[in-house]
Amino acid sequence: MTNSERKRIAVLFGGRSVEHEISIITGLQLIEAMDTVSLEPVPVYITTDGRWYTGNELLRRDFYKGLPGCLSSLKEVVLMPIPGKGGLSVLSEKKKGLMPEIFGAREPDLIPVDVYIPAFHGSYGEDGCVQGLFEMADVAYVGCNVLSASMGMNKYHCKMFLKSHDIPVLPAVLIDKEEMDPASGGGLKAVKERILSTPGLESFPLFLKPASLGSSIGLGKARNDGELDAAIIEAFKYDSALIVEPCLDEKMEINISVMEGDGPAPRASVVEIPVAEEGGELTYEDKYIRGGGKKSGSLSQGMAGLTRIIDPADLDPKYKELAREFGLKIFKLLGCSGTARIDLMLDLKGDQLYFNEINTLPGSMAYYLWAKSDPVVLYTDMISHIIGRAELRCRTKRALERKIGFKALFKQ
Amino acid sequence: MHERGTISSLEKPEIHTEKLGVKEGVPIIVMHGWGQNLESMRTLGELLGSRNPVWLMDLPGFGKSSLPAENSDTVSYAEILKRFMEANGIERAHLLGHSFGGRVSIRFTSRYASMVESVILVDSGGLKRKQDLHGKLRSMRIKFISRFCKTVDGIFRTSLYKDWFTPRFGSRDYLNAQGIMRKVLVRAVNEDVTEDASKIDRPTFILWGEKDNETPVEMGERLHSIIKDSRLTVLPGKDHFPFMGDGAHLCAHHILRFLNSCSSHDR
């Protein structure tokens, strides 16, 4: 029953990111929920060293146990940055037939693709990099464009931009890894001095995180000078820049998902309060291992498996409304598309809601929030919707005038 | 939010159910497949609960429901369903049956059409598998070995059938089933509900995984040709359990579309 009329949707996952594994879960969930009656998924796995492979074996989770040897059963492909091709060029096809050196010198096979869905988290996939490739190749792709993706990825720049648009944010300082270099007059001592002299960061506890990572990787809380040293070194293991923020004593994380609508106005989901194992910050284990592992022998569900309270009945409706208002405004300000999850921080002492960070490609595409929203949005319908929007954007962009002829070069 | 329903304790067997979803509207009664229980249908049930009230049911002999009577077949299950509906004041319902639950839905609808708003069959059982020559030869061979073992057991008082034949040739479901349930299973897999299916005159939605190896998609196509007012949707890439994991969203999408198209007055 393969319907040749189905749109071919390349779902890209994996990638050169510490969130590689989580991206595999997101990608496979997305394919599982996709309306395969009207859409034909083309799974594309990008290895940790950045090579692209496709093949239906990728749909089985146990396939990944055989890495890297099992890759030989797949086709290696690449998206060429050439407009008009549209599909994935096959790299690994062995030349067939008589005297392939003479007759085999042909164009590589092309796997046709109508729309690309990046299901990556973190570097090279959520940060505008792969989006840049999509732009170069002039293909339709789901979600944020280069600018909104890269703005969303950098915690510091994102905060500063939103602050200038009157969204409340906690004070922060950005430290570049180069500042740790004694050769240029820097070092740990100088870095610590700069942190502790930033307005709002004068006293412990402080909160350190890599500037461009999600999934709680490289996070550190510093209650004193010694812990600050350790947290700085830990964060620089994963990123070349880190951001330091004050650590609120009594706080609550409130997350909300925002999705592009049918017109310029986006839509907001219900809110969630993620719950950490031992109070305090969510760890990588909280987010991806503990939740999914609670049913014995079940597969990890990524962000969809996290222990959380969705649409908590006892949360003051005024905060729910404020989170909605912030979410919709932030999504528009950053020029986002697709589905994003916006993480807010409620200071329970100061009764103030702050923007914390945005995930422009959230774990599990935040579908678990939409399944509990009113009206309910099925993951299947969300996927079809954001694919339709991607095609519309692509058509609109292609209609723009790019060629104005050669005038300056051959001036009379 | 969740209500638990049972048939009064005088009536046997006891049926364990969970009610979820919206309060108003024609309920959807969800019946799972063989060897499963209502948990296998929970995610799908929750998603459908946004439109209609949903009763998730543990069929007799599964989950928290008690065993059915000694000589039960799928018709007995349909009678149990009728008693359950009457006991809970459900005049009319949408029936959603997966695999074995589909057999029960067909049995019920052909008998009590007035109590059924619509039928949703997901990778349903009920039809005999069509076999090619290879398959026919294989089952003839197995039947011969089975008869041989039973004969030897009869003459020499051995237990060849139980100790050698069954572990080797018995299906996974058969091996897992115990006592009464093993008999129910044998009766169910040997029955053919074609005649009952041909009597169904309620709107019917047939949803099938393209790669179903247990009840191949050919059975869905046959049910579609037998049931008059039926619609068939085949889900590419899905197996006998298309609603597992995030496939629940995909199944809910197609089921809700069917429910919305076939009636506007049932909410």
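Of the 267 residues in chain B, 54% are buried. The model you are looking at is a predicted one, and chain B is a good place to start reading it. Its secondary structure amounts to ten helices and eight strands. If you take the contacts in chain B with a separation of 6 or more, 71% of them join residues 24 or more positions apart. On the outside, chain B has an accessible surface of about 12400 Å², and carbon and sulfur atoms account for 52% of that area.

For a look into the interior of chain B, let us go to B:His98. You will find B:His98 in strand E5, which covers residues 93-98 of chain B. Is B:His98 buried or exposed? With a relative accessible area of 1%, B:His98 is under the 20% limit and therefore counts as buried. What surrounds B:His98, once its neighbours within four places in sequence are set aside? Its contacts are B:Met31, B:His32, B:Gly33, B:Met41, B:Val122, B:Asp123, B:His240, B:Phe241 and B:Phe243. With one of these residues there is also a polar link: the B:His98 side chain reaches the backbone oxygen of B:His240 at 2.8 Å.

Charged side chains come next. Side chains of opposite charge can pair when their charged atoms come close. Over all chains, a search of the whole structure finds 35 salt bridges. In chain B, one such pair is B:Glu70 with B:Lys183, whose side chains meet at 3.2 Å, N to O. B:Glu70 sits in the loop between strand E4 (53-58) and helix H2 (74-87) of chain B, while B:Lys183 belongs to helix H7 (residues 179-190), so this salt bridge ties together parts that are 113 residues apart in sequence. Both partners are partly exposed: B:Glu70 has a relative accessible area of 45%, and B:Lys183 has 43%. Elsewhere in chain B, salt bridges link several residues into a network, made up of B:Arg103, B:Arg107, B:Arg111, B:Glu191, B:Asp196 and B:Lys199.

Now turn to chain A. Its 412 residues include a buried share of 51%, and its secondary structure comes to eleven helices and 17 strands. Among the contacts in chain A with a separation of 6 or more, residues 24 or more positions apart account for 65%. The accessible surface of chain A is about 19300 Å², with 55% of it on carbon and sulfur atoms.

Chain A has salt bridges worth visiting too. Where does A:Asp138 find its partner? A:Asp138 pairs with A:Arg398, and their closest N and O atoms are 3.4 Å apart. This salt bridge links distant parts of the chain: A:Asp138 is in the loop between helix H3 (129-137) and strand E8 (140-141), A:Arg398 is in helix H11 (residues 379-398), and the two are 260 residues apart. A:Asp138 counts as partly exposed, at 25% relative accessibility.

A second pair in chain A is A:Glu179 with A:Arg194, joined by a salt bridge of 2.9 Å, N to O. A:Glu179 lies in the loop between strand E9 (173-176) and helix H6 (188-196), and A:Arg194 lies in helix H6 itself, so here the parts tied together are 15 residues apart in sequence. A:Glu179 is partly exposed at 23% relative accessible area, and A:Arg194 is partly exposed as well, at 34%.

One more stop in chain A is A:Pro274, in strand E14 (residues 267-274). A:Pro274 is buried, with a relative accessible area of 11%. A:Asn255 is 19 residues away from A:Pro274 in sequence, and their C-alpha atoms are 7.8 Å apart in space.

Finally, let us see how the two chains meet. At their interface, 18 residues of chain A are in contact with 18 residues of chain B. The chains bury about 1500 Å² between them, and 58% of this area is on carbon and sulfur atoms. How many salt bridges run between chain A and chain B? The count is zero, although nine residue pairs are in polar contact across the two chains. On the chain A side, the elements that give two or more residues are helix H1 (20-33) and H11. The residues on this side of chain A divide into nine nonpolar, five polar and four charged.

Definitions and conventions. Residues are numbered from 1 along each chain as its sequence is written. Chains are lettered from A and ligands numbered from 1 in the order in which they are written. This is a predicted model: local features need pLDDT of at least 70, side-chain atom pairs count only at pLDDT 80 or more; totals for chains, interfaces and linings use all residues. Side-chain values use heavy atoms; hydrogens and water are left out. A salt bridge is a side-chain nitrogen of Lys or Arg within 4 Å of a carboxyl oxygen of Asp or Glu. Helices (H or I, at least four residues) and strands (E, at least two) are DSSP runs, numbered from the N terminus. Buried means under 20% relative accessible area, exposed over 50%, partly exposed in between (1.4 Å probe, protein chains only). Contact means heavy atoms within 4.5 Å. Buried area is the accessible area (1.4 Å probe) that two parts lose on being put together, summed over both. A polar contact is a pair of N or O atoms within 3.5 Å; within protein, one must be able to donate a hydrogen and the other to accept it, and residues adjacent in sequence count only if both atoms are side-chain atoms. Ala, Val, Leu, Ile, Met, Phe, Trp, Tyr, Cys and Pro count as nonpolar, Asp, Glu, Lys and Arg as charged, and the others, Gly among them, as polar. Accessible areas come from the Shrake-Rupley method with a 1.4 Å probe; for residues, only the protein chains shown count as cover.
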